[in-house]
Amino acid sequence: MPDGTATPDLSVVIVNYNAGPLLRRCLEALTEEARGISVEILLVDNASVDGSPETVAAFPGVRLIRNRVNVGYAAANNQGIRLCRGRYILLLNPDAIVDSGALAAILGFMVSHPEAGICGPRVVLPDGRLDAPCRRSFKTAGTYLYKALGLCRLFPRSRVFGRYYLTYLDDGVTHEVDAVLGAFLLIRREVVDRVGLLDERFFLYCEDEDWCYRAKQAGWKIYYYPAARVLHYKGACRATRRYRPTYEWHKALFCFHRKHLAVRYPTLVNAIVYLGMAVSLAASLALCAARAATRTMLGRPRHPALVGTR
Amino acid sequence: MVGEAWAGRRVLVTGATGFVGAWLVKALVEAGATVTCLLRDQPRISNFTLLGLEGQVNILRGCVEEGGLLERALNEYECDTCYHLAAQAVVVAANRAPLATFESNIKGTWILLEACRRSPLMRRVVLASSDKAYGEQVNLPYTEDSPLCATYPYDASKACGDILARCYSRAYGLPVVVARCANIYGGGDLNFSRLVPGTVMAALLGQPPIIRSDGTPVRDYLYVADAVRGYLALGERAGEAGVTGEAFNFGGESPVSVLDLVERILQTAGRTDLRPDVQSKTKIAGEIDCQYLSSARARGILGWAPLVGLDEGLALTFAWYREQYPRLAPGWYVSSAGPRG
């Protein structure tokens with residue numbers, strides 16, 4: 001019986017906030033797929049009130065850290081990452097169900113590609129569609145503009161307009177990307193040691209993108225590896241009020257732009273970008289209010305602002 | 001440092017699964033003594049198991065209130081030295097259930113003292129008392145001649161045990177000495193309701209440490225290795241004139257407030273970004289404001305002194321919990337395939 005002092009191959013950090021029964025499914029799939037791998041699993045609970053943290057009682061291999069208040073996604077992940085001893089660290093959402101063979105496959109890819117700092121799998125939604133943000137470019141003034149104007153949807157094959165979700169690339173083929181989805185993000189320990197932990201100034205969004213940005217700046221490559229598949233029940237950790245996530249999403253965009261991109265652009269461009277964000281925020285909040293007022297569900301994919309995690 | 005004094009000695013230790021007891025047992029084993037431990041419970045994780053002491057000592061299953069068991073043990077294992085550390089040592093739990101506390105801490109002590117008295121082989125008995133036995137004092141620091149003014153159940157139980165030891169020494173000539181230690185801290189304390197382990201774990205987990213008081217009470221802290229050295233010194237000389245029948249204070253000699261201690265731990269952990277959650281706005285009624293010990297007698301007579309300063313001790317303590325964390329909490333899921341590339 002291992003005494004817990006050897007270094008594991010993989011450390012998994014799951015941040016839970018009211019994920020309900022999905023957390024059990026996540027842990028079941030994870031522990032099943034982790035057979036044959038030396039792994040440690042840490043669950044950091046952000047003051048859930050739905051009883052989901054008690055799920056770990058059925059999984060004696062899982063360590064639980066309970067926060068008394070919701071410290072945010074980045075801070076909670078960092079609590080777990082600081083305690084991790086694995087050569088590879090996986091950030092996993094409780095609403096992300098690892099598919100058969102996915103863990104072994106993606107770990108194998110990282111082992112055989114030492115230039116890979118971060119890797120993300122093919123993430124699919126329950127209806128079988130690709131969860132588009134699982135492979136994407138960084139949000140620059142251009143890519144975000146094309147996304148906001150809907151041009152990336154109109155011209156998916158265009159290397160210019162389709163750049164944000166890389167829709168011109170075959171999603172069945174491994175390729176280099178700028179960023180992957182934080183719902184399943186595998187990172188090499190050396191990258192964390194070099195670029196640091198998640199930036200806690202991002203409360204709920206863009207901390208994964210920020211991390212990927214810093215990793216790339218440090219010379220690592222980020223890969224999309226579709227041979228590994230993950231099912232994502234997006235929105236399992238949604239907040240009860242939609243206004244807060246909408247606000248946080250836009251705030252994250254603002255922080256990301258200011259932190260990494262503003263230096264590259266002239267003041268006028270930055271001003272336009274920030275104005276665009278303000279307009280987008282106002283429009284999104286108005287949309288939330290309209291939806292609440294009419295109580296109808298629109299039959300299109302959810303806007304990221306409406307979900308608690310991606 | 002310990003020398004030849006312990007080679008071949010046969011020692012009975014109660015409280016061996018506890019924080020201090022396990023370190024003491026380890027030191028005795030390393031010094032060449034044959035150690036017999038009285039184990040009441042065997043928790044899944046204890047300092048005893050973490051130090052890998054099973055297999056290095058004789059183990060008796062039973063509790064200290066069983067006089068027959070103790071007498072048999074002292075006789076069969078031919079013990080010439082006895083360390084009595086077993087007690088209900090968690091102050092909050094002790095105060096919640098006073099009778100159980102009195103049973104284990106007071107009755108357990110007199111049963112053990114009587115068993116030692118009746119053993120013809122016993123040469124040295126060391127009893128763990130506590131600075132809590134002094135209660136609230138006007139004059140600081142506490143010296144061994146300060147009256148034992150304990151008022152709360154745990155404190156009272158330790159004071160009673162202390163007095164019983166002196167009784168057996170004076171009335172029956174039992175070679176017993178008493179150790180009154182300050183708050184002992186260090187790696188191996190798995191009682192996370194205590195201030196140091198609780199704060200260290202909070203820092204490790206990235207959570208704000210909780211301070212139940214208003215942070216102002218001043219206490220004396222003694223690193224566990226220094227406490228063990230004090231116990232060994234007493235165990236070597238418990239039968240000597242000037243030592244036998246006496247009590248000795250062992251303090252860290254650097255009293256600090258609760259808040260100050262917590263800040264030092266956060267500094268050691270590199271987590272000064274975590275702000276302590278001070279839960280009380282005012283002083284808690286009945287809580288002693290300030291207590292610390294003078295160890296002049298131990299220095300003068302035993303040649304003992306605390307060697308590990310507070311900051312150094314806290315650094316060692318944090319490092320221990322950092323390293324042992326995977327063993328303290330479940331979290332291992334491994335197949336026989338072993339690690340990959």
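Student: How many residue pairs are in polar contact across the interface of domain 1 and domain 3 of chain A?
Tutor: The rule finds 4 such pairs there, with both residues at pLDDT 80 or more. Keep in mind that this is a predicted model.

Student: OK, and what classes of residue does domain 1 of chain A put up against domain 3?
Tutor: On the side of domain 1 that touches domain 3, there are 6 nonpolar and 6 charged residues, and no polar ones.

Student: How many salt bridges are counted between domain 1 and domain 3 of chain A?
Tutor: The count is 2. As for a named pair, the side chains of Lys259(A) and Asp210(A) meet in a salt bridge, at 2.9 Å from N to O.

Student: Why can side chains like that pair up at all?
Tutor: Because side chains of opposite charge can pair when their charged atoms come close.

Student: Back up a bit. Where do the domains of chain A run?
Tutor: Domain 1 comes in two pieces, 10-135 + 171-232. Domain 2 covers 138-167, and domain 3 covers 243-306.

Student: How many residues do domain 1 and domain 3 of chain A each give to the contact?
Tutor: Domain 1 gives 12 residues and domain 3 gives 15. Taken over C-alpha atoms, the centres of these two domains of chain A are separated by 25 Å.

Student: What area is buried between domain 1 and domain 3 of chain A?
Tutor: About 1100 Å², and carbon and sulfur atoms give 66% of that.

Student: Which residues of domain 1 in chain A lose the most area to domain 3?
Tutor: Phe202(A), Tyr205(A) and Tyr213(A). Together they account for 48% of what the domain 1 side buries.

Student: Switching to strands. Which way does S6 of chain A run against S9, parallel or antiparallel?
Tutor: Parallel, and 8 bridges join S6 (residues 116-124) to S9 in chain A. Within that pairing, Val123(A) stands opposite Val230(A) in S9(A).

Student: And how many bridges join S5 of chain A to S9?
Tutor: There are 3, with S5 (residues 96-98) and S9 (residues 221-232) of chain A running antiparallel. Ala96(A) has His232(A) as its bridge partner in S9(A).

Student: What about S7 of chain A, how does that strand run relative to S9?
Tutor: S7 (residues 175-177) of chain A is antiparallel to S9(A), and 3 bridges join the two. There, Glu176(A) has Tyr223(A) as its bridge partner in S9(A).

Student: Going back to charges, how many salt bridges does the structure hold over all chains?
Tutor: 42 over all chains. One of the pairs is Arg244(A) with Glu248(A), whose closest N and O atoms are 2.8 Å apart.

Student: Where do Arg244(A) and Glu248(A) lie?
Tutor: Both are in helix H8 (residues 243-261) of chain A. They are 4 residues apart, about one turn of the helix.

Student: Now backbone oddities. Which is the peptide bond from Leu140(B) to Pro141(B), cis or trans?
Tutor: That one is cis, with omega near -5°. Pro141(B) lies in the loop between strand S5 (124-128) and helix H6 (153-172) of chain B.

Student: What is phi for Asn18(A)?
Tutor: About 55°, so to speak on the positive side although Asn18(A) is not a glycine. Asn18(A) lies in the loop between strand S1 (10-16) and helix H1 (22-33) of chain A.

Student: And what is phi for Glu78(B)?
Tutor: Near 50°, again a positive value in a residue other than glycine. Glu78(B) is found in the loop between helix H3 (67-76) and strand S4 (81-84) of chain B.

Terms used: Residues numbered from 1 in each chain as written. Chains lettered and ligands numbered in written order. Predicted model: local features only at pLDDT ≥ 70, side-chain atom pairs only at ≥ 80, totals over all residues. Heavy atoms only, no water. Pairing = 2+ DSSP bridges. Domains from an automatic or database assignment. Contact = heavy atoms within 4.5 Å. Buried area = accessible area lost by both parts, 1.4 Å probe. Salt bridge = Lys/Arg side-chain N within 4 Å of Asp/Glu carboxyl O. Polar contact = N/O pair within 3.5 Å; in protein donor to acceptor, adjacent residues only side chain to side chain. Nonpolar A, V, L, I, M, F, W, Y, C, P; charged D, E, K, R; others polar.
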